[in-house]
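Hi,

Here is the structure I promised to pass on. Have a look at it first, and then read my notes underneath.

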Amino acid sequence: MTDDELEAKLGDRDYYRPPAKFVGQANASDPAIYDQFDEFPEGFEAYAELLDWDEYWDETFDGSNPPFFEWFVGGKLNASYNCVDRHLDERGDQTALLWESEDTDERRRIAYQDLYREINEVAAALKDLGVEEDDVVTLHMPMLPELPITMLACARIGAPHSEVFAGFSADALATRIDDTESDIVVTVDGYYRRGEFLHHKQKADQAVEMAETDVDDVLVWTRHGPENLHEEAEMEDGRDILAEELLEDFQGARVDPVSRDAEDPLFLMYTSGTTGKPKGCQHRTGGYLAYATGTSKYVLDIKPEDTYWCAADIGWITGHSYIVYGPLSLGTTSVMREGAPDAPHKGVIWEMAERYDVDIFHTSPTAVRMFMKWGEEIVENYDFDFRHLTTVGEPIQPEVWEWYYEHIGGEDAVIVDTWWQTETGGHLITNLPALKDMKPGSAGIPCPGIEAGLVDDQGEEIEPATGQAGNLVIKRPWPGMLQTVYGDDERFIETYWEDFSDTESSDWSDWNYKAGDGAVHETDGYFRILGRLDDVMNVAGHRIGTMELESAAAEVSDVAEAAVAAREHDQKGEVPDVYVTVREGVEESDGVRSAIYEAIEDEIGAFARPANVIFVDELPKTRSGKIMRRLLEEISNDESLGNTSTLRDPSVPEQIREKVHGE
Ligand code: WT7
């Protein structure tokens, strides 16, 4: 895109002032906060001070071995203690987790003291199963209170958890089990989605079967109690343990929180990259918790007396940082819900917001587009009043932003567009809501202490705030950043650092973190995120690597080659189109097509299901044989075809175009 084209696409947008009623009560209301955090690294101590430490740190930041940066070195703390124990005196009776199911008759309020009791009992049970400090525990749990309870029980005993989103297939679960060689998996027999009681345990059964790792124990929570196990669930003797039955032995048990080094890992979260293999982003205890807590306080404006609802799934990083760790560390009431947003009816989100008097609501642009499609008439039936709204995960189109502002915010709530990633642990680019005006479609300025910038493809710095586009980089370390890719320091360096850093240098300031996103740095200093520059798609706010999709499609024996292109989609942002060639002698058929859909659902999960499978005679390839996905993307989006002169056969894209769009 040329600068002129960009300008035409973006245009000038209005600013919106934060409402006075918000500003008056905001946690961050003094602009000096930006200057305080510019003192690097001392600025970030303010976040660490929000936590209770068993031992204070000696050194705030150690940058001597880039890019393996360390934070709050020498400090000791426990995340479960910080999220629960420390609130007991003051707010033991206050609701920590407020859970509802699709079936709105079923509700649970878990007070901090109940959470404390349950976490302790689960921690004791895990220990009994032989889980020791630093053992990785794999979780494959949907949105049930037992998920955060198990996570915090792991944190209590210093066992890093690795939660795999419940929508992931058995295959995907097996890959993640093997990557950490985790010998215990925690799951549930079933859960509800759109009125259906899904048989979930089977995925863990199959995964354990498939994995090379010997999984000794599968701890099985039950949705309706051990006596009402999902009718298809089977328990394997000697391996499967019913959690509730095991817990009978640990009623009232107490487990001292292990004092963890600030640099000890707290959890892993796998994410897609540009290869077929997902990366285990490893997050540290002290820096991560400090960053999640600090941004929850100042960006999300959470106060202990709030009812806060982030409608994400805890199986993704958003849920880890902003349903569990950040909000609970601040001692607030965090809402969670099982099921689909339109079950049992399309107004249920707002019905709940009204019922619980939710103050802060956090969701994705995909969800807002869906609410918009359902129509404002639905929203108008309910009496709720938010002071703060968040969006995360994808760029939000200004017209979607405006709808959110008007119909959900009632024109008197702030909207905070938060840009960050699984790797970053917490928000990096977003406005502190009382201090900066909102601008629809722009994430805003970097968070306190964060230094963001743009570089060109050669790594040359692009003049800041000149309205130019480039590769988004973070120029200074921050406490929430991933420590490494689990078990693969090389890949950590290659993926995030090599391209735009002086890797010979031992000076941390020569190292730039590559986000993988394109962005425009607007003249007002705001960043407008354009989206991924690598082969990673953003489907309904979920990151999916094209390579993962392609290798799944190529598993089908009739498929010769597969290439995936991102098609723009007005609801989901992007959806995958799979272009395939079949092997010699194989007919293109609906059978092959279904096999491809099935392979992708099996290898990744139903959420990655492609929009279209398109059979072609040949894929567009350069003379050296490289598939040009860019051309496929142009075809999928019915855009004019760019340069085809480097192709081995320049007529190929036109043939494909005709096939997709007709003559
Ligand atoms: C990618 C990270 C951690 C948030 C949930 C997704 C895109 C994220 C925004 C935003 C535009 C955004 C980027 C980023 N993204 N937030 N506010 N505006 N794009 O986490 O799965 O690690 O994906 O999501 O492309 O790189 P993730």
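Below is what I found, going from the domains and cores to the ligand and then to a few individual spots.

Before anything else, please keep in mind that this is a predicted model.

**Domains and cores**

The domain assignment splits the protein into domain 1 (112-258), domain 2 (452-532) and domain 3 (540-661). If you measure between C-alpha centres, domain 2 and domain 3 are 30 Å apart.

The largest nonpolar core has 152 residues, and the members that touch the most others are Phe44, Tyr325, Trp350 and Leu472. Helix H7 (residues 112-128) gives this core its largest share, 9 residues. Both domain 1 (112-258) and domain 2 (452-532) contribute residues, so the core lies between them. There is also a second, separate core of 41 residues, with Val215, Leu242, Ala566 and Val578 among its members. As background, nonpolar side chains in soluble globular proteins tend to be buried together.

**The ligand**

You'll probably want to go here next. The ligand has 17 residues around it, and the closest are Asp417, Thr418, Thr422, Asp517 and Arg532. Three elements each supply at least two residues of the shell: helix H13 (317-329), strand E20 (414-418) and strand E25 (527-532).

Which side chains come up to oxygen atoms of the ligand? Here are three to click on:

- Gln421 has a side-chain N or O atom 2.9 Å from a ligand oxygen.
- Arg532, one of the closest residues, has a side-chain N or O atom 2.8 Å from a ligand oxygen.
- Arg543 places a polar side-chain atom 2.9 Å from a ligand oxygen.

On its own the ligand has 550 Å² of accessible area, and the protein covers 96% of that.

**Helix H15**

Is helix H15 mostly enclosed or open? Of its 10 residues (365-374), 7 are buried, so the helix is largely enclosed by the rest of the structure. The buried ones are Pro365, Thr366, Ala367, Val368, Arg369, Phe371 and Trp374. Their packing partners include helix H14 (348-356), helix H16 (376-380) and helix H17 (398-408). On the strand side, the buried residues of H15 pack against E18 (360-363), E19 (388-392) and E29 (573-582). Right after H15 comes Gly375, with a positive phi near 100°.

**Two buried residues to look at**

Asp306 sits in the loop between helix H12 (286-298) and strand E16 (307-310). Its relative accessible area is 5%, so Asp306 counts as buried. The Asp306 side chain reaches the backbone nitrogen of Lys303 at 2.8 Å. Leaving out residues up to four places away in sequence, Asp306 touches Asp301, Thr332, Thr333, Asp359, Ile360 and Arg387.

His161 is in strand E7 (residues 161-163). With a relative accessible area of 0%, His161 is buried too. Again leaving out residues up to four places away in sequence, the contacts of His161 include Val137, Leu139, Met151, Cys154 and His320. Tyr325 also touches His161, and Tyr325 is one of the residues named above for touching the most other members of the largest core. His161 also has contacts with Leu266, Phe267 and Leu268. As for Pro265, its C-alpha is 9.2 Å from that of His161, although the two are 104 residues apart in sequence.

That's it from me; shout if anything is unclear.

Cheers

Terms used
Residues are numbered from 1 along each chain as its sequence is written. This is a predicted model: local features need pLDDT of at least 70, side-chain atom pairs count only at pLDDT 80 or more; totals for chains, interfaces and linings use all residues. Side-chain values use heavy atoms; hydrogens and water are left out. Helices (H or I, at least four residues) and strands (E, at least two) are DSSP runs, numbered from the N terminus. Buried means under 20% relative accessible area, exposed over 50%, partly exposed in between (1.4 Å probe, protein chains only). A polar contact is a pair of N or O atoms within 3.5 Å; within protein, one must be able to donate a hydrogen and the other to accept it, and residues adjacent in sequence count only if both atoms are side-chain atoms. Contact means heavy atoms within 4.5 Å. A nonpolar core is a set of buried Ala, Val, Leu, Ile, Met, Phe, Trp, Tyr and Cys residues joined through side-chain atoms within 4.5 Å. Domain bounds come from an automatic or database domain assignment. A residue is near a molecule or strand if one of its heavy atoms lies within 4 Å of it. Accessible areas come from the Shrake-Rupley method with a 1.4 Å probe; for residues, only the protein chains shown count as cover.
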